[in-house]
Amino acid sequence: MVAPMTPAASDATPPTGERLRSILSHRLDGFAVRALDQAGHRPAAVAVVVTEAGFGADLPGLPQHDQWSDAAALLLTRRAAGMRRHAGQWALPGGRVDDGETPEQAALRELAEEVGLVLPPSAVLGRLDDYATRSGYRVTPVVVWAGAARDVSPNPTEVAGVHRLPTSELLRADAPIVDDAPHGGPPVLRMPVGSSWIAAPTAAFLYQFREVGLLGRPTRVAHFDQPAFAWR
């Protein structure tokens, strides 16, 4: 049995390194992924990049010394201002799946193209559920292990900056934020980060990673909607 990866007491040592990788791999192996067959939606993939101990928070307004940020962080990008779609928004590295590619291959390729982080196929730990976006994509989140991930070099045409989000932010008591749709319809999902928040679809991937990877709970997110500004 794999030990639970829940927030520990202040004198406990959170999982790091290969133990952390083993816990995440075990939980993702046991997760029954739900794929979507969305006619008219173009296939895409994002990389949910997990980095190891000692490379935690660097987002403005977040604590710099936290036992969970010492355990792990996720890589977030801020999209470049000149991008045709979703300029300036928080995102995970990713993009379209090319003909002949698997979502895993696409996620690793986009990770290398966007942030200069080249990882082998063995870095893939598993998938989360597909998510259909309002902009017409069927996105497959691929969880990858990046170790220390020191050699990050963002492509300025696509990425304004690369940041590390400590896993403690995903475990906040006020996460997730679920809003009723203004005129009915599916609830809208957001995840708080520092004094701000991140919207779905990125929020959906972060929330499900928290539930499945960190807490071992088979929570679904495909039914959550995006705020109107994220539709474009």
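Arg-190 is buried in this predicted model, with a relative accessible area of 16%, a value that falls under the 20% limit for burial. The side chain of Arg-190 does not go unpaired, for a salt bridge links Arg-190 with Asp-179, and the closest N and O atoms are 2.9 Å apart. Since Arg-190 belongs to strand 10 and Asp-179 to strand 9 (residues 177-179), the pair ties together parts that are 11 residues apart in sequence. The partner, Asp-179, counts as partly exposed, at 26% relative accessibility.

This pair belongs to a wider set of charged contacts, as the structure holds 12 salt bridges. Another of them brings together the side chains of Arg-127 and Glu-104, at 2.6 Å from N to O. Here Arg-127 sits in strand 5 (residues 124-127) and Glu-104 in helix 2 (residues 103-115), so the salt bridge ties together parts that are 23 residues apart in sequence. Arg-127 has a relative accessibility of 29% and therefore counts as partly exposed. A further salt bridge joins Glu-211 to Arg-217, with 2.9 Å between the closest N and O atoms. In this pair, Glu-211 is buried, with a relative accessible area of just 3%, whereas Arg-217 is partly exposed at 38%. Salt bridges can also be followed from residue to residue: Asp-98, Glu-101, Arg-109, Glu-110 and Glu-113 are linked in a network of them.

Turning to the overall fold, the protein chain comprises 4 helices and 11 strands. Half of the chain is hidden from the probe, with 50% of the 232 residues counted as buried. Contacts that span long stretches of sequence are well represented: among those between residues at least 6 apart, 67% join residues at least 24 apart. One pair of residues from distant parts of the chain is Ser-22 and Leu-125, which are 103 residues apart along the chain but have C-alpha atoms separated by 9.0 Å. Ser-22 is part of helix 1, and this serine counts as partly exposed, at 44% relative accessibility.

Helix 1 also takes part in a helix-helix contact. The axes of helix 1 (residues 17-29) and helix 4 (residues 202-214) come within 8 Å and cross at roughly 100°. At that angle, helix 1 is roughly perpendicular to helix 4, because angles of 65 to 115 degrees fall in that class. Helix 1 contributes Leu-24, Arg-27 and Leu-28 to the contact, while helix 4 contributes Phe-209, Val-212, Gly-213 and Leu-214. Sorted by class, the residues of this contact are 5 nonpolar, 1 polar and 1 charged.

In soluble globular proteins, nonpolar side chains tend to be buried together. In the present model, the largest nonpolar core has 39 residues, and those with the most contacts inside it are Val-50, Val-143, Leu-170, Leu-206 and Phe-209. Two or more residues each are given to this core by helix 1, strand 1 (42-51), strand 2 (73-79), strand 7 (137-145), strand 10 and helix 4. Helix 4 supplies the largest share, with 8 residues. Phe-209 gives a good view of the packing: leaving aside residues up to four places away in sequence, Phe-209 touches Leu-24, Val-48, Val-50, Leu-74, Leu-128, Val-143, Leu-170 and Leu-214. Apart from the largest core lies another, of 19 residues, among them Ala-45, Val-97, Ala-106 and Ala-146.

Some backbone details are also worth a look on the structure. A cis peptide bond joins Ala-175 and Pro-176, with omega at about -5°. Pro-176 is placed in the loop between helix 3 (167-170) and strand 9, the strand that also holds Asp-179. Ala-200 and Pro-201 are likewise joined by a cis peptide bond, for which omega is about 15°. Pro-201 lies in the loop that runs between strand 11 (196-199) and helix 4. Finally, Ala-149 has a positive phi of about 50° although this residue is not a glycine. Ala-149 is located in the loop between strand 7 and strand 8 (159-166), and at 5% relative accessibility this alanine counts as buried.

Terms used:
Residues are numbered from 1 along each chain as its sequence is written. This is a predicted model: local features need pLDDT of at least 70, side-chain atom pairs count only at pLDDT 80 or more; totals for chains, interfaces and linings use all residues. Side-chain values use heavy atoms; hydrogens and water are left out. Axes are lines fitted to C-alpha atoms, for helices over the stretch in contact, and angles run from 0 to 180 degrees between N-to-C directions. Angles under 35 degrees count as roughly parallel, over 145 as roughly antiparallel, 65 to 115 as roughly perpendicular and the rest as oblique. Contact means heavy atoms within 4.5 Å. Ala, Val, Leu, Ile, Met, Phe, Trp, Tyr, Cys and Pro count as nonpolar, Asp, Glu, Lys and Arg as charged, and the others, Gly among them, as polar. A nonpolar core is a set of buried Ala, Val, Leu, Ile, Met, Phe, Trp, Tyr and Cys residues joined through side-chain atoms within 4.5 Å. Buried means under 20% relative accessible area, exposed over 50%, partly exposed in between (1.4 Å probe, protein chains only). A salt bridge is a side-chain nitrogen of Lys or Arg within 4 Å of a carboxyl oxygen of Asp or Glu.
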